[in-house]
Amino acid sequence: MRLLIAFLFTGLAGLAGPEAARAQAERTEYYMAHAGREAGPYFIDELRTRMLMGRLRRDTPVWTTGMAAWQPAAEVPEVGALFDPSLPPIPKEREFDRFVQGTWTSEPVTTELPGLGRGVATGQTVFRADGTYSFTGQVSLTDAAGAARVMTLASEGGYTVTRKAPDRFEIVFAAPLVMTLPSDDPAGTDRVERTEVPPAEFEVIDDNTIRDAQGTVSRRKI
């Protein structure tokens with residue numbers, strides 16, 4: 001379970017039609033020569049930005065996986081198309097650092113915790129414009145003896161967002177996840193553990209829905 005905060009393209013483009021081919025092109029990573037050095041990788045919309053800035057020219061050497069050698073940008077089909085003024089503009093790049101701001105609620109996830117039993121995890125994360133987040137959640141457990149217990153989850157600190165593709169981004173969390181399991185003995189001590197939160201990658205389903213690599217869906221609170 002990738003912290004609940006935490007929060008495919010497959011197929012043959014030639015058989016799937018022009019829309020699938022365009023989607024595949026958007027996800028292809030390219031390298032270009034700049035100032036005598038290799039620069040990249042860049043997605044096609046990022047190359048378009050560099051073309052508009054004058055950094056990518058028709059004769060700029062470009063390479064991507066599957067090419068035997070570097071070729072002038074104008075001779076690489078998807079890249080060369082950027083120089084055709086008759087084509088419609090590529091959609092504006094989504095600003096993911098702004099996109100994630102708000103309150104997100106994750107769908108319940110069933111998980112198995114070693115030594116504790118099976119449980120259902122729920123959680124809510126608030127991403128703020130100042131680069132901080134707060135997460136609260138819980139795991140409702142049923143142990144081996146059939147007793148119900150509740151583990152609380154909490155994390156609060158800074159975060160950074162990195163674009164991975166036109167519809168995918170990664171979040172790195174700077175603070176640990178704190179897990180607290182109350183003692184079943186009134187006189188006992190609660191069990192508290194802290195664990196590092198691994199970077200999490202998300203796919204955008206729509207403006208208010210994202211899905212992580214494990215398939216957990218989170219929705220924006222509107």
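## Strand β10 and the salt bridges

Strand β10, residues 177-181, has two faces: Leu177, Met179 and Leu181 are on the covered one, while Val178 and Thr180 are on the uncovered one. The model is predicted. Two topics follow: the strands that pair with β10, and the salt bridges.

**Strand pairing around β10**

- Strand β8, which covers residues 148-165, runs antiparallel to β10 and is joined to β10 by 3 bridges.
- One residue pair in this contact is Thr152 with Thr180, the latter being the bridge partner in β10.
- Thr180 also belongs to the uncovered face of β10.
- Strand β11, residues 191-195, pairs with β10 in the antiparallel sense, over 5 bridges.
- Here Leu177 has Thr195 of β11 as its bridge partner.
- Leu177 belongs to the covered face of β10.

**Salt bridge between Asp45 and Arg163**

- How many salt bridges does the model contain? The count comes to 9.
- One of them joins the side chains of Asp45 and Arg163, with an N to O distance of 2.8 Å.
- Asp45 is in helix α3 (residues 44-52) and Arg163 is in strand β8, so this salt bridge ties together parts that are 118 residues apart in sequence.
- Are the two residues buried or exposed? Asp45 counts as buried because its relative accessibility is 12%, and buried means under 20%.
- Arg163 also counts as buried, at 18% relative accessibility.
- Asp45 and Arg163 are part of a network of salt bridges that also includes Glu46.

**Salt bridge between Arg168 and Glu201**

- The side chains of Arg168 and Glu201 form a salt bridge with an N to O distance of 2.5 Å.
- Arg168 lies in strand β9 (residues 168-173) and Glu201 in strand β12 (residues 200-206), so the pair ties together parts that are 33 residues apart in sequence.
- Arg168 counts as partly exposed, at 27% relative accessibility.
- Glu201 counts as partly exposed as well, at 28%.

**Salt bridge between Arg57 and Asp59**

- The side chains of Arg57 and Asp59 meet in a salt bridge, at 3.4 Å from N to O.
- Which class does each residue fall into? Arg57 is partly exposed, with a relative accessibility of 47%.
- Asp59 is exposed because its relative accessible area is 52%, and exposed means over 50%.

Key
Residues numbered from 1 in each chain as written. Predicted model: local features only at pLDDT ≥ 70, side-chain atom pairs only at ≥ 80, totals over all residues. Heavy atoms only, no water. Buried < 20%, exposed > 50% of the residue type's maximum accessible area, 1.4 Å probe, protein only. Helix = DSSP H or I, 4+ residues; strand = E, 2+ residues; numbered from the N terminus. Pairing = 2+ DSSP bridges. Salt bridge = Lys/Arg side-chain N within 4 Å of Asp/Glu carboxyl O.
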